[in-house]
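Welcome! Have the chain open in your viewer, and take the briefing below one topic at a time.

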Amino acid sequence: MGVLMSRRQTVERVQKVSLAVSAFKDGLREQPSTRRRAEAGTSRRGTLEQEVQEGEEEASAGPSQPEESSASKAAWERLRDGRGVEPEEFDRANRFTPPAFIRPKRELHDDEPPDISLEQREQIVNDEMCEICEVWTAESLFPCRICPRVYHDGCLRRMGYLQKDSTVEVTETAHTETGWSCYYCDNLNLLLTEEEMYSLMETLKNCKIIPETCLTLDDFLHYKHLVHKQQFERPMAEAQEEQAALQFNALDPDKKGHIEWQDFLSHESIQLLQKLRPQNALLRLLTLKERERARAVFLALDQDNDGFIGEGECRQARHTWFRKHQKEMLSCNVSISHVGPISEGSPASSTNGKSPEKILPATKQEEARSVDWPGFLRENVAYMLAARPNSAALHLQPPA
């Protein structure tokens, strides 16, 4: 009878192999210096003069170009594979090896409309064991607000996904309506297929964007101008430039004057998904928790229970997806545990007079157009996906 290895045993075996390979590489690097020490007895004077001459040549030459190109190549590889930190950069004695991310593949039925019923509620059940170590320790597990995975804070720290300054934030938000996204769901770039990722990388290279660097407003606008000209073969209009500037401000909520690389990458990833995939394919990316949250929001907005809401209410819902960082949580009478905050227009939130974001009143034309449940999903799916990251940045700015 065969014996199946648990995930923890597999991780431990991989770590042992990684340590052995690392030790072997270190031994190879030490061999040239060992040979030099063995030959030092016969030609010590010549060796010292040669080393001094080599040191002077290296100092005069400055930093070598191959090292810079190697670092740039490593950054592009991390971008392609969806990795944040290389395994070699971890302290192997105290940290786990990060997982190898596998990019999704498009299926033949992806473009067909999915069956997401409004009346049939879906039961939300989180995993019972930590995704990393497969151990159950009751309330010390932190659930993801997007997927059913749960984690120990210690396991997250050992993998490098939870730093000291973010531990308190995860502890305070993981068990609230605000919730916390795990490292899978936090990275929108992992939604791209290999072909889509290759297309994005080619665009970034053609526009001279350096991976893992921050972008100022001038950098962002210059990039947007180049992309627009490559796609449409004409300069970007003034109104489009203003919209790009508004998107930059949405990606820089703290007004630091620049946007972080991960926020820029998430923004470009969701833009590419909107460009290359139909809405039905995007709807298939929604998780059970996201579908249940959308269902709760729609039912709260449908006051007369006729299966339709106004265009203004649909527009209002687009802003609610990004309300995951507000300080005071809205009270909620609808049970959507670990799903997210409900709509501002629902009865449960009508008593809260303070809103972190002012929603413009709907026009008569917007009130006249009705939106049904399938239309509500199609018009909001991109914003629901863009709201996954833990970052306070708005990776897809809803229209005013």
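What follows is a short tour of this chain, from its overall make-up to a few single residues.

Please keep in mind that this is a predicted model. The protein chain contains 14 helices and six strands. Of its 400 residues, 40% count as buried.

**The chain as a whole**

- Where do the contacts in the chain lead? If you take contacts between residues at least 6 apart in sequence, 73% of them join residues at least 24 apart.
- As background, nonpolar side chains tend to be buried together in soluble globular proteins.

**The nonpolar cores**

- The largest nonpolar core in this model has 54 residues. Those with the most contacts inside it are Leu79, Leu204, Ile209, Phe264, Trp321, Trp373 and Phe376.
- Which helix gives the most to this core? It is helix 14, with nine residues.
- Another core, of 22 residues, lies apart from the largest one. Cys133, Cys147, Cys155 and Tyr183 are among its members.
- Tryptophan 373 is a good residue to click on. Leaving aside its neighbours within four places in sequence, tryptophan 373 is in contact with Ile116, Ser117, Leu118, Arg291, Ala294, Arg295, Phe298 and Gly307.

**Helix 11 against helix 14**

- Helix 11 covers residues 288-301 and helix 14 covers residues 373-386. Their axes come within 11 Å and cross at roughly 125 degrees.
- Why is this pair called oblique? An angle of roughly 125 degrees falls outside the roughly perpendicular range of 65 to 115 and is not over 145, the cut-off for roughly antiparallel, so helix 11 is oblique to helix 14.
- The crossing of helix 11 with helix 14 is right-handed.
- On the helix 11 side, the residues that meet helix 14 are Glu290, Arg291, Ala294, Arg295, Val297 and Phe298. Their partners in helix 14 are Trp373, Phe376, Leu377, Met384 and Leu385.
- Sorted by class, this contact between helix 11 and helix 14 has eight nonpolar residues, three charged ones and no polar ones.

**Helix 6 against helix 9**

- Helix 6 spans residues 194-206, and helix 9 spans residues 261-276. The two axes come within 11 Å, crossing at roughly 120 degrees.
- Helix 6 and helix 9 are therefore oblique to each other, and their crossing is right-handed.
- Glu196, Ser199, Leu200 and Leu204 are the helix 6 residues in this contact. In helix 9 they meet Trp261, Phe264, Leu265, Glu268, Ser269, Leu272, Leu273 and Leu276.
- How do the residues of the contact of helix 6 with helix 9 divide? There are eight nonpolar, two polar and two charged residues.
- Threonine 203 is also found in helix 6. Not counting residues up to four places away in sequence, threonine 203 touches Tyr223 and Val227.
- Threonine 203 and tyrosine 223 are 20 residues apart in sequence, and their C-alpha atoms are 9.6 Å apart in space.

**A helix enclosed by the rest**

- Is helix 12, residues 311-320, largely enclosed or largely open? Nine of its ten residues are buried, so helix 12 is largely enclosed by the rest of the structure.
- The buried residues of helix 12 are Glu311, Gly312, Cys314, Arg315, Gln316, Ala317, Arg318, His319 and Thr320.

**Exposed residues in loops**

- Glutamate 233 is in the loop between helix 7 (217-232) and helix 8 (238-251). With 73% relative accessibility, glutamate 233 counts as exposed. Its phi is near 60 degrees, a positive value in a residue other than glycine.
- Lysine 255 sits in the loop between helix 8 and strand 4 (258-259). Lysine 255 has a relative accessible area of 59% and is exposed. Phi of lysine 255 is also positive, near 55 degrees, and this residue is again not a glycine.
- Tryptophan 136 is located in the loop between helix 3 (65-81) and strand 1 (141-143). Is tryptophan 136 buried or exposed? At 56% relative accessibility, tryptophan 136 counts as exposed, because the cut-off for that is over 50%.
- Leaving out residues up to four places away in sequence, tryptophan 136 touches Glu128, Met129 and Leu141. The C-alpha atoms of tryptophan 136 and histidine 152 are separated by 9.2 Å, with their positions 16 residues apart along the chain.

Key: Residues are numbered from 1 along each chain as its sequence is written. This is a predicted model: local features need pLDDT of at least 70, side-chain atom pairs count only at pLDDT 80 or more; totals for chains, interfaces and linings use all residues. Side-chain values use heavy atoms; hydrogens and water are left out. Axes are lines fitted to C-alpha atoms, for helices over the stretch in contact, and angles run from 0 to 180 degrees between N-to-C directions. Helices (H or I, at least four residues) and strands (E, at least two) are DSSP runs, numbered from the N terminus. Angles under 35 degrees count as roughly parallel, over 145 as roughly antiparallel, 65 to 115 as roughly perpendicular and the rest as oblique. A crossing is left-handed if the near helix is turned anticlockwise from the far one by less than a right angle, and right-handed if clockwise. Contact means heavy atoms within 4.5 Å. Ala, Val, Leu, Ile, Met, Phe, Trp, Tyr, Cys and Pro count as nonpolar, Asp, Glu, Lys and Arg as charged, and the others, Gly among them, as polar. A nonpolar core is a set of buried Ala, Val, Leu, Ile, Met, Phe, Trp, Tyr and Cys residues joined through side-chain atoms within 4.5 Å. Buried means under 20% relative accessible area, exposed over 50%, partly exposed in between (1.4 Å probe, protein chains only).
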